[in-house]
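Visitor: I should be grateful for a close look at one part of this structure, namely the sheet of chain B. Please set it in the context of the whole model.

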Amino acid sequence: MAILITFIVIVCVMAAILGIDAYLILLERKTAAWVQDRHGPNRVGFDFGIPFLKRLTGGFHFWGLGQPLADGLKFFLKEQVVPDHVDKVLYFVAPSIAVITTLLAFAVVPFGSTPTPANPDAFPFVIAPNVDIGIVFVFAVGSLAVYAVILGGWASNNKYSLLGALRSSAQIVSYEIPLGLSVLVVAMLSGSLNLERIIAHQAMGGLFAWNIWFQPLAWLIFLAAAMAESNRLPFDLPECEQELIGGFHTEYSAMKFAMFFLGEYTHVITVSFLTAILFFGGWHFPFIAEPTSSYPGAAVVKLLVLFGKAVFFIFLIMILRWTLPRFRFDQLMSLAWKVLIPLCLLNLVCAMFVKHWSLSPWWLLATSIALFVGAGTLGTLLPSTPRKRVRPAVS
Amino acid sequence: MPMTEKDVRWVKEPRMGFWEKLYVPAVVQGLGTTLSHLFGPRVTQQFPEERPRLPPNYRGVHRLNRDEQNRVKCVACYLCSTACPAHCIDIVAAPSPWPDREKYPESFVIDELRCIYCGMCEEACPVDAIELTTLFDLTGLTRREMLFDKEKLLSVFDETVKAGTDPVRTHRGRLGPASDTLVPPARLGPSGAVGTNASHPSDNRTLKERGV
């Protein structure tokens with residue numbers, strides 16, 4: 001019976017994620033258009049030019065909502081071009097790794113209400129409930145996605161793809177560290193790596209127990225590192241259209257290309273859910289979604305609250321894409337190694353002190369702000385760029 | 001001449017202050033700019049529903065003008081086909097059936113695919129018989145369809161004059177009412193009146209005096 005329920009949940013979640021992925025691509029294109037004062041795709045309705053469907057829908061365009069379906073259909077029907085010079089096995093394995101690992105990482109992420117000490121019998125809205133290494137599992141499996149990029153770039157046997165893969169490996173290895181370190185503080189505060197317990201800890205304490213109050217710095221670092229992990233724009237050096245054509249997916253077309261995209265957008269969804277869960281109280285919201293609220297439909301409200309928070313962060317990630325220009329490679333590396341990692345370590349030390357002497361967690365807000373301002377001050381004091389050496393003129 | 005050390009000027013990057021070094025305030029400011037555009041006005045023209053407002057001197061499909069008696073104005077002088085850099089105008093002249101001119105075009109064919117829409121035919125014409133209209137969405141299924149003969153070019157005249165998009169610009173050398181709108185309103189004098197000689201060549205006031 002339990003296996004049947006799990007199976008149903010898996011099917012629902014996978015279908016939902018793939019559907020949301022398709023519509024996120026539409027949202028991305030719409031957001032891009034709105035930011036650039038355009039309308040975005042608004043022509044494709046649900047008739048696809050078929051006369052029967054056209055009569056059924058009255059020729060209405062539905063504000064372009066049919067676009068993802070048309071795009072998906074196009075990806076399936078396009079010719080599968082496999083260049084002669086690629087490594088056939090790895091070339092096909094890479095896009096599947098991109099999709100499998102990112103979908104797998106979602107297995108332990110709660111997407112609705114979960115049990116708390118106040119209502120221990122609540123149905124857990126998560127595929128694999130009660131995994132004690134939850135957050136570690138997400139990062140362990142999620143970071144396997146780098147193999148998709150590296151293998152795809154290597155198997156393509158193309159210098160642009162290889163350069164993209166090379167950058168990606170350096171980037172992901174660097175940003176894993178601040179990502180893990182920033183989450184470590186949250187795990188320390190909640191006393192668990194289990195995502196449901198982390199939510200329960202915040203939900204039981206109310207609005208002012210959300211980790212964002214104590215760890216705004218960890219949130220900033222987490223967001224930056226997570227965007228780097230999912231290759232989103234300020235950190236999208238692996239694909240980087242202007243320099244590398246398409247980077248690691250230059251040689252990919254049709255459905256294999258779409259699978260890389262699915263992987264990327266699933267990663268964005270996972271990251272947004274994790275942000276909401278780790279720092280913004282998960283499904284908890286004052287008055288309407290408390291652990292004790294038991295009115296009919298409370299589970300749906302909690303699901304919608306968590307989903308709303310996740311959509312907010314997805315949207316934030318999307319408009320950040322149209323706000324920040326791409327990093328240069330040395331800037332990317334120095335941001336991780338010279339800024340984020342030291343800040344994370346200092347933040348961790350502060351959290352250790354607070355936990356050791358059982359101080360109020362509000363001290364962590366003070367230390368976070370102090371570290372942030374301190375980093376800014378240090379940045380103004382240190383030389384920003386290496387000194388340029390002028391080569392003496394050759395006479 | 002090779003570059004020397006003197007010619008190289010090193011530009012120093014402006015030093016960032018404390019506020020910029022925090023980065024986050026600048027990112028938030030950037031997000032504000034992005035968000036303000038999210039709700040701002042749209043610049044896209046929804047083309048098939050919304051037609052573009054083209055200036056009257058737009059160079060689109062040609063037309064052959066008619067005179068007051070509905071005859072073709074052209075006198076088959078070949079000046080347009082001589083001026084044409086793309087050699088897309090083909091004229092066959094014949095003795096005119098009318099007493100006021102020697103010749104008239106028996107056939108007048110423009111290859112609209114070969115044309116580069118430079119407007120030199122219009123400039124060359126001594127009797128203002130050929131003009132470019134603001135029709136721009138010219139399509140066809142075959143190349144043959146895009147060879148516009150005399151009847152087709154005259155029908156373009158009839159349609160554009162009837163639709164009012166392209167009034168006849170000149171009338172036997174005198175500028176017609178369509179020429180007034182060639183001056184965009186912003187370039188007119190402070191009164192803004194259309195049809196004043198604000199941009200007439202004989203007006204020898206300076207630009208500033210005219211209030212441009």
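Guide: The account below begins with the sheet and then turns to the contact between the chains and to chain A. The model is predicted.

In chain B, three strands make up an open sheet, arranged in the order β2-β3-β5 with antiparallel pairing. The edges are formed by β2 (89-95) and β5 (147-148) of chain B, each of which pairs on one side only. Seven bridges join β2(B) to β3 (residues 103-111) of chain B, again in the antiparallel sense. Within chain B, P95(B) stands opposite K103(B), a residue of β3(B). A helix accompanies these strands: α5 (residues 150-163) of chain B lies across β3 and β5 of chain B, and α5 runs at about 85° to β3(B).

The contact between the chains draws on 22 residues from chain B and 18 residues from chain A. On the chain B side, the elements giving two or more residues are α1 (18-21) and α2 (24-38) of chain B. The most comes from α2(B), with eight residues. By class, this side of chain B comprises 11 nonpolar, seven polar and four charged residues.

The partner, chain A, has 15 helices and zero strands. Its radius of gyration is 23 Å, close to the 21 Å that the globule rule gives for 395 residues, so chain A is as compact as a globular protein of that length. The C-alpha trace of chain A spans about 85 × 65 × 45 Å along its principal axes. Of the 395 residues in chain A, 41% count as buried. Among contacts in chain A with a separation of 6 or more, 75% involve residues 24 or more positions apart.

Terms used:
Residues are numbered from 1 along each chain as its sequence is written. Chains are lettered from A and ligands numbered from 1 in the order in which they are written. This is a predicted model: local features need pLDDT of at least 70, side-chain atom pairs count only at pLDDT 80 or more; totals for chains, interfaces and linings use all residues. Two residues are in contact if their C-beta atoms, placed from the backbone, lie within 7 Å. Helices (H or I, at least four residues) and strands (E, at least two) are DSSP runs, numbered from the N terminus. Ala, Val, Leu, Ile, Met, Phe, Trp, Tyr, Cys and Pro count as nonpolar, Asp, Glu, Lys and Arg as charged, and the others, Gly among them, as polar. Two strands pair if DSSP finds at least two bridges between them. Axes are lines fitted to C-alpha atoms, for helices over the stretch in contact, and angles run from 0 to 180 degrees between N-to-C directions. The radius of gyration is taken over C-alpha atoms; the globule rule is 2.2 Å times the number of residues to the power 0.38. A residue is buried if 20 or more other C-beta atoms lie within 10 Å of its own, exposed if 12 or fewer, and partly exposed in between; C-beta atoms are placed from the backbone.
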